[in-house]
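Biologist: Could you take me through one helix up close, end to end and side to side? I'd like to know which way its residues face.

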Amino acid sequence: MLIFRCLAALLAAAWLAGGSQALAQPDRPRAVQVAPDTWMVQGLSALGSAGNRNFISNAAFVVTRAGVVVFDALGSPELAKELQAEIARITPQPVTHVIVTHYHADHIYGLQVFKDAGATVIAQRDARLYLNSDTAALRLKASREELFPWIDEQTRLVPADRWIDGPTTLTVGGVDFLLQPAGPAHTPEDLVVWLPDRKLLIAGDLVFRGRVPFVGQADSAHWIEALDTLLNFDAQVIVPGHGPVSASARADLQLTRDYLAYLRQAMGAAARNMDPFEEAYARTDWSRFERLPLFGVANRINAYNTYLLMEQSGR
Ligand SMILES: [Zn+2]
């Protein structure tokens with residue numbers, strides 16, 4: 001009896017700590033329904049590696065009577081094929097569209113699988129700059145080594161068939177998808193998708209749930225503005241680019257926003273005072289965020305990038 005009570009308490013604690021995030025995640029895409037006719041697969045909370053086949057990001061899909069709309073294509077063609085199989089398990093409908101939230105490797109290396117199967121790829125047009133850059137080519141080259149054999153010479157970058165420029169409504173099988181450009185924030189080409197009929201937001205990497213985001217070279221001031229825009233959607237469910245689905249949409253948007261704002265506040269003050277980074281970092285109280293997953297690997301580099309950004313631009 002006591003064992004059962006302990007187990008129940010543990011499960012309740014895991015649930016309170018963020019639901020499935022506290023439980024082991026399958027290491028292959030498994031579709032979980034998150035809203036009517038809407039499923040997601042959840043990537044591992046880890047860095048990409050050959051060991052995990054770069055399965056570190058989420059994807060989602062909506063089944064309509066005129067085809068399936070997919071959001072992001074996972075981090076390797078192999079994973080995309082498994083996502084295809086998950087979709088086929090649920091519906092005989094073909095995938096007609098893939099909407100790319102941004103062109104980071106872990107979200108797009110699976111695109112060629114859907115493209116070759118006839119889907120139309122849609123993305124925000126500022127991604128073209130990245131796709132044509134040396135950075136993208138070098139990244140793919142490095143991935144062919146680091147993520148071999150999952151990323152190899154056959155893996156290619158797939159541009160969109162349709163580049164969008166401003167807010168765009170896509171209607172498939174009677175379902176409205178509002179495509180809302182939200183960059184430059186996490187990337188220049190950030191695109192979020194709002195499904196008004198189910199109050200569902202596909203947020204890409206603008207919202208991280210249950211982990212510290214990778215800020216990278218992102219413009220955190222614009223990112224905060226973008227989150228303010230998302231807070232205006234009356235979202236009940238958020239599918240983030242990483243981590244579990246969120247039924248506490250506002251709180252999660254707020255946490256990502258607060259983290260970015262805190263980085264800017266702490267590192268901005270240090271940069272203005274010309275305090276050395278090491279000193280400022282050690283002095284900063286990180287207690288509100290330090291228990292989040294990936295804090296250990298992401299926070300210091302996030303703080304450092306923010307320090308440099310604030311030092312160079314003062315913004
Ligand atoms: Zn990502």
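Modeller: Sure, one term to start: contact means heavy atoms within 4.5 Å. This is a predicted model, where local features need pLDDT of at least 70 and side-chain atom pairs count only at pLDDT 80 or more, while totals for chains, interfaces and linings use all residues. Residues are numbered from 1 along each chain as its sequence is written, and side-chain values use heavy atoms, leaving out hydrogens and water.

Let's pick H6, a helix (a DSSP run of H or I, at least four residues, numbered from the N terminus). H6 covers residues 134-146, and its end C-alpha atoms sit 18 Å apart. That agrees with the 18 Å its 13 residues should span at 1.5 Å a residue (the expected span is 1.5 Å times one less than the number of residues).

Now for the sides. Ala136, Leu140 and Ser143 of H6 are buried, meaning under 20% relative accessible area, with exposed over 50% and partly exposed in between (1.4 Å probe, protein chains only). Those three are on the same side of H6, because they cover an arc of only 60° around the axis, going by the directions from the helix axis to the C-beta atoms. An α-helix has 3.6 residues a turn, so residues three or four places apart point the same way.

What does that side meet? The buried residues of H6 pack against helix H5 (127-131). Flip H6 over, and the face turned away from its buried side carries exposed Asp134, Thr135, Leu138, Lys141, Glu145 and Glu146.

For another helix to set beside it, try H10: 19 residues, reaching 26 Å between its first and last C-alpha, close to the expected 27 Å. Its buried residues, Phe295 and Tyr307 among them, pack against H8 and H9.

Notes. Helix = DSSP H or I, 4+ residues; strand = E, 2+ residues; numbered from the N terminus.
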